[in-house]
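Please open the structure in your viewer and keep the selection tool at hand. The tour goes from one stop to the next, saying what to select and what is there.

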Amino acid sequence: MKEHYLKTLRDTEHRAKLALKAQNLEVGSPWYGAFVMPTGVYMAKHALYCIEYLAQVYCCPDSKFYHEEAVLNSMALGLDYVDRQQHENGLFDYITCNFFSAPDTAFCIGIILPTYQFLRGKASLTPGEEFLKERFGRIIHAGGRGLLEGGFHTPNHRWAIASLLATCGKLFGEADLTQAASVYLNEGIDCNADGEYSEKSAGNYNAVNNEAMLLLAQALEDPSYEQHVIRNLKMMLTYWEPDDSVFTANSTRFDKDRLVYPDGYYWPYLYLGVKYSIPEFVAMANYTYQVLSSRNLPAPDVLIYFMLHPEYVAYESPLSATPTDYKAYYAESGIARVRRGSYTFTVMKDKSNFLYVHNGAIKLAVKIGGSFCEHRAFRAETMAMDTEGAFHLHQTMRGWYYLPFEEKPATSDWWKMDNASRKKKLGPDMDIDVVIREIEQGLEVDIRTSGVEGAPWRVELAFQGIDRISNDHMTMPVHGDEVLVLKDSFFTVSNPESTMTVGPAFGTHHFTEGKEDSEAKTPGAATVYLTDYTAFHHVITIRP
């Protein structure tokens, strides 16, 4: 992967140059030696990223910054700042959110860990490299001891903490750190049979979890942890969109619906693809680099991994592809991903935007909205695929009303009453069933509501990446926030590169927002509403 290595080196050198320019050199400033973020904030985690960029190019013989004295001096100032930020117990703050934080400490020491491992593995060190090894080791060791205090917020935090505990236990020969890691690991890894982690975060936390699993495999000398990564990477083969971005709408975290490209998957695909002779993984690594290069995006931050594994610089493979024709149903994860050449569609359980269709630069999200008791949109409780490959989604919305207490309550203050113990009047119930089936050059969405008469509900079609909507009666330019109710006929949305035809439309009312607490429209989308009163049955055809 010599070409990948050289691009990674160039882009890491660029990151290092930006870091040098961002360093605070004002003597007497509390942030002297730190590196300012674009927000104007200083924090230890960002400083460690900048120091790591500098350390990689300082230690890389092929870099123009190799053993550059000015780079070493910059790192020394930065490390002094980091030392001032690390608490006596070894923990760091993530100052915009968490303080004395074990998970953020794990992330912090994990940033400089690969270069520390690289320096420990060298047969001989220059004085500058010896300086870095000692300073990095001191920060990592203190942070590892701090992790013994524990405490986390999210599922992935457990594996960040456990992987760094296990790694520090091995590096420094301290069994209590390894034992502390086993307490977290006793909960079992939350990667299901599909390869999905709990947070379903294809745009961010998959990479965090995968990195932790690879660290655990190395520290504990247990390759079973790599199997979680392999399952996730196999699932992710079906998560690339026609524009080469990653499908993120299923995420439960901040990356939901964000435009993300697959740079965080490059190294696991390459490393495990070569190690386990999985050609589709190697092909995805090659393809990822082509995507990033063609879009003038920076290379993944993996220079240090090439330095740790120089055999991967020499390794070459002609394979380069992403799957373009598949139908994958992940029942345990409640998601189906289907790709047919230039378009994909995604069906999801328990999501108000239950269907996504992506054709070139056009994205469509489909929602069924309205108000029924506490419900504001259809969110499938069950999802199944039938023998013909159609996906069935169902939800029963339960109607209910509180009844008065049979005995006088102890207080007249509503908020102090034990309202959960009240008896309820049950019903009516509203049922919504959706069947999504493939047809020639597209798909059908069969929607049926029942159980409640006369409720004004709507099908919301939220389009992004289009510049016009047209049907038999009109052609209208759009900019991204328009709202239309179309009453009949098929309509076409388009941009200079792609089109999508949808219909037939239906519109019997203009009640598109529901109650004040109803779900809002998809921001930034041109939205077409198809409206009717329950009970109704409509079949919508979508042809990308």
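Which residues line the largest cavity? Select A44, Q85, F92, D93 and I95, for these are the residues that line it, and bear in mind while looking that the model is a predicted one. The space inside the largest cavity comes to about 30 Å³, and the count of cavities of 30 Å³ or more is one.

Next, turn to the second largest pocket, which holds about 470 Å³ of space. Its lining is made up of 28 residues, and to find the centre you can select A249, D257, Y356, K363 and Q464, which lie nearest to it. If you then colour the strands β5 (343-348), β6 (353-359), β7 (362-372) and β13 (456-464), you will have marked elements that each supply at least two residues of this lining.

Keep K363 selected and add D243, which sits in the loop between α9 (224-236) and α10 (266-275). D243 is buried and yet has no salt bridge, since the nearest side chain of opposite charge, that of K363, is 4.4 Å away, whereas a salt bridge would need the charged atoms to be within 4 Å. Leaving aside residues up to four places away in sequence, you can display the contacts of D243 by selecting L259, Y261, R295, H358, G360 and K363.

From that loop, move on to α10 itself. Is this helix mostly covered or mostly open? It is mostly covered, as eight of its 10 residues are buried, and these are Y266, W267, P268, Y269, L270, Y271, L272 and G273. To see what lies over the buried residues of α10, show α1 (2-22), α8 (205-219), α9, α11 (279-294), α12 (303-308) and α13 (311-314), which are among the elements that cover them. After the helix comes S277, and if your viewer reports backbone angles, look there for a positive phi, near 55 degrees.

The last stop concerns the cysteines. A disulfide is a covalent bond between the sulfur atoms of two cysteines. How many disulfides does a search of the whole structure find? The search finds zero, and C50 can serve as an example, for the nearest cysteine sulfur, that of C108, is 12 Å away. C50 is buried, with a relative accessible area of 5%, while C373, at 32% relative accessibility, counts as partly exposed.

Terms used:
Residues are numbered from 1 along each chain as its sequence is written. This is a predicted model: local features need pLDDT of at least 70, side-chain atom pairs count only at pLDDT 80 or more; totals for chains, interfaces and linings use all residues. Side-chain values use heavy atoms; hydrogens and water are left out. Helices (H or I, at least four residues) and strands (E, at least two) are DSSP runs, numbered from the N terminus. Buried means under 20% relative accessible area, exposed over 50%, partly exposed in between (1.4 Å probe, protein chains only). Lys and Arg count as positive and Asp and Glu as negative; His and the chain ends are not counted. Contact means heavy atoms within 4.5 Å. A disulfide is a pair of cysteine sulfur atoms within 2.5 Å. On a 1 Å grid over the protein atoms alone, a cavity is a set of points where a 1.4 Å probe fits but cannot get out, and a pocket is an open set with protein on both sides within 12 Å along at least five of seven lines; lining residues have an atom within 4 Å of a point. Grid points are joined across faces, edges and corners, and a volume is the space filled by probe spheres set on the points.
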